[in-house]
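Please keep the sequence and the coordinates side by side while reading, since the paragraphs below move back and forth between the two.

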Amino acid sequence: MVLSAPHQRLNARRRRTADCAAPGTPGRHASGSPPLALYVHFPWCVKKCPYCDFNSHPRRGDIDQMAYIDALIRDLDHDLRRYGHITAKQRKLSSIFLGGGTPSLFGAPAIGRLLREVARRLPLEEEIEITLEANPGGVEHDDFAAYRGAGVNRLSLGAQSFNDAHLAALGRIHDADAVRRAIQAACDAGFDNFNLDLMHGLPGQSVESALRDLEAALAFSPGHLSLYQLTIEPNTWFHRHPPSLPHPDRICDMQQGLQARTARDGYRRYEVSSYARPGRRCRHNLNYWRFGDYLGIGAGAHGKITADGAVERYWKHKHPQTYAASAGSARALGGAGPVAEGDLLFEFLMNALRLTDGFDAALVRARTGRPAAEVAALLDDAVRRRWVIFSRGGRRIRCSAAGYRLLDEILQRILPD
């Protein structure tokens, strides 16, 4: 499929937002601080998947786990010195997300030490959510009970499929039996809060096959499901060697079938790809979509911090060796900069409109310092087309059902030059 120029620009903006906003006059933030989260990146995998555009590197030999934990701690210390208001105001962490890569290549002693050091430096919310990403076949050092004992209280398992042929096509290192064993091990370890990742729109996949994957996942009664469509991203093996994917109409049928089936089992779709039972929404990701703050430590990690009224993004060097050698100093930064004034509302909407419930108009000023009236003006065309709805006397903003299906179109129309 050839993307239109606006669509290409939108995808580029999504990638750039993850890196850093364009330089310019910094966006201002109203008084008070957004919620604060911590993202920790573990950049190693057993094998690089052909669809993956994350910062991940195939493991070469043994990883010096404690040396990397040392680098993470130095990195966090540097971020806290750089953003001194975080500790000065005793801002509490609402969530910690250990992502990758494959964090479960690290043993529970290393993970536990990291979490203890974080808690020494920052106060934690009483009910903090601490998520560990794990891949079936990548849990090598400890069982899930050990991670739970180290302080992890939520798991995110990269199942992707329960079909061996589809797993092989995706380049996964595990088979369907390994997926089932990993999920059962998590349940046996006492994790009642876990997410399963499933992908659809896979090479050769039928609607029936996608629904069978979902049925297999539902048999374990996860609190949360992430149902992703396979997309071909730049700088991936699949981008260089594109697989034959199902027709878009078939993918649409898959999505509708998945949504109907999850609803029957009590899951509510609350974001583009996220489905949860009551009380099991991912708090860490909600903070992203509500334009909250987050520290990012680790090779290639990204952060967004509101400091003295300015919204700033930053990221760390991607290569593990370069990162580890410079962690704890400004040299670990790959870049940093304020979100330009002209980009601030767009970046807010690019995140907040992903939520099916939308957002309170008051959140606009709270996160960006800009009046909600500017959002109304920006979305005027989408409102007239009934793609966006202002309800509760204009106090609530969300996409209509039709608008939600056309979210990219809405964003393309308001994309800054």
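What follows goes from the packed interior to the empty spaces, and then to backbone details and single residues.

The model is a predicted one, and its nonpolar interior is a convenient place to begin. The largest nonpolar core has 67 residues, among which Phe42, Ile96 and Leu295 touch the most other members. Helix 2, which covers residues 65-82, gives the most to this core, with 7 residues. A second core, separate from that one, consists of 28 residues and includes Val339, Met350, Ala382 and Ile410.

Phe42 deserves a look of its own. When residues up to four places away in sequence are not counted, Phe42 touches Tyr68, Ile69 and Leu72, and its partners also include Leu98, Pro103, Phe106, Ile111 and Leu114. The run Gly99, Gly100, Gly101 and Thr102 is likewise among the residues that Phe42 touches.

That glycine run carries a backbone feature. The peptide bond from Gly100 to Gly101 is cis, with omega near 25°, and Gly101 is found in the loop between strand 4 (93-100) and helix 4 (108-121). Most peptide bonds are trans, and most residues other than glycine have a negative phi. Against that background, two glutamines can be picked out. Gln90, in the loop between helix 3 (84-88) and strand 4, has a positive phi near 55°. Gln160 also has a positive phi, near 70°, but Gln160 lies in a strand, namely strand 6 (residues 154-160). Gln160 counts as buried, because its relative accessibility is 7% and the limit for burial is under 20%.

Moving on from Gln160, one comes to Ser161, which is found in the loop between strand 6 and helix 6. Is Ser161 buried or exposed? Ser161 is buried, with a relative accessible area of 0%. Leaving aside neighbours within four places in sequence, Ser161 is in contact with His166, Leu167, Val179, Leu198, Leu202 and Asp213. Ser161 and Gly100 are 61 residues apart in sequence, and their C-alpha atoms are 19 Å apart in space.

Two of the contacts of Ser161, Leu198 and Asp213, also appear in the lining of the largest cavity. Rolling a probe the size of a water molecule over the atoms shows where empty space is left. The structure holds 1 cavity of 30 Å³ or more, and about 50 Å³ of space lies in the largest cavity. Leu198, Met199, His200, Ala210, Asp213, Leu214, Leu227 and Leu258 line this cavity, and they divide into 6 nonpolar, 1 polar and 1 charged. Strand 7 (194-200) and helix 8 (207-218) each supply at least two residues of that lining.

Open space can be followed in a similar way. The second largest pocket contains about 160 Å³ of space, and its lining runs through Trp44, His57, Pro58, Arg59, Arg60, Gly61, Asp62, Ile63, Asp64, His319, Pro320 and Gln321. The elements that give two or more residues to this lining are strand 3 (57-58) and helix 12 (320-326). The lining residues of the second largest pocket divide into 4 nonpolar, 4 polar and 4 charged.

Helix 6 (residues 164-169) contains Ala169, which is partly exposed, with a relative accessible area of 31%. Apart from its neighbours within four places in sequence, Ala169 is in contact with Pro50 and Phe238. Ala169 and Pro203 are 34 residues apart in sequence, yet their C-alpha atoms are 7.2 Å apart in space.

How enclosed a whole element can be is illustrated by helix 13 (residues 344-352), where 9 of the 9 residues are buried, so that the helix is largely enclosed by the rest of the structure. Its buried residues include Glu347 and Asn351 as well as Leu344, Phe346 and Met350, and Met350 is also included in the second core.

How many disulfides does the structure hold? The structure holds 0 disulfides. For Cys187, the closest cysteine sulfur is that of Cys282, and because the two sulfur atoms are 18 Å apart, they are too far from each other for a bond. A disulfide needs the sulfur atoms to be within 2.5 Å. The two cysteines also have contrasting surroundings: Cys187 is partly exposed, with a relative accessible area of 28%, whereas Cys282 is buried, with a relative accessible area of 1%.

Conventions: Residues numbered from 1 in each chain as written. Predicted model: local features only at pLDDT ≥ 70, side-chain atom pairs only at ≥ 80, totals over all residues. Heavy atoms only, no water. 1 Å grid on protein atoms, 1.4 Å probe; cavity = no way out; pocket = protein on both sides within 12 Å on 5 of 7 lines; lining within 4 Å. Points joined across faces, edges and corners; volume = space filled by probe spheres on them. Helix = DSSP H or I, 4+ residues; strand = E, 2+ residues; numbered from the N terminus. Nonpolar A, V, L, I, M, F, W, Y, C, P; charged D, E, K, R; others polar. Core = buried A, V, L, I, M, F, W, Y, C linked by side-chain atoms within 4.5 Å. Buried < 20%, exposed > 50% of the residue type's maximum accessible area, 1.4 Å probe, protein only. Contact = heavy atoms within 4.5 Å.
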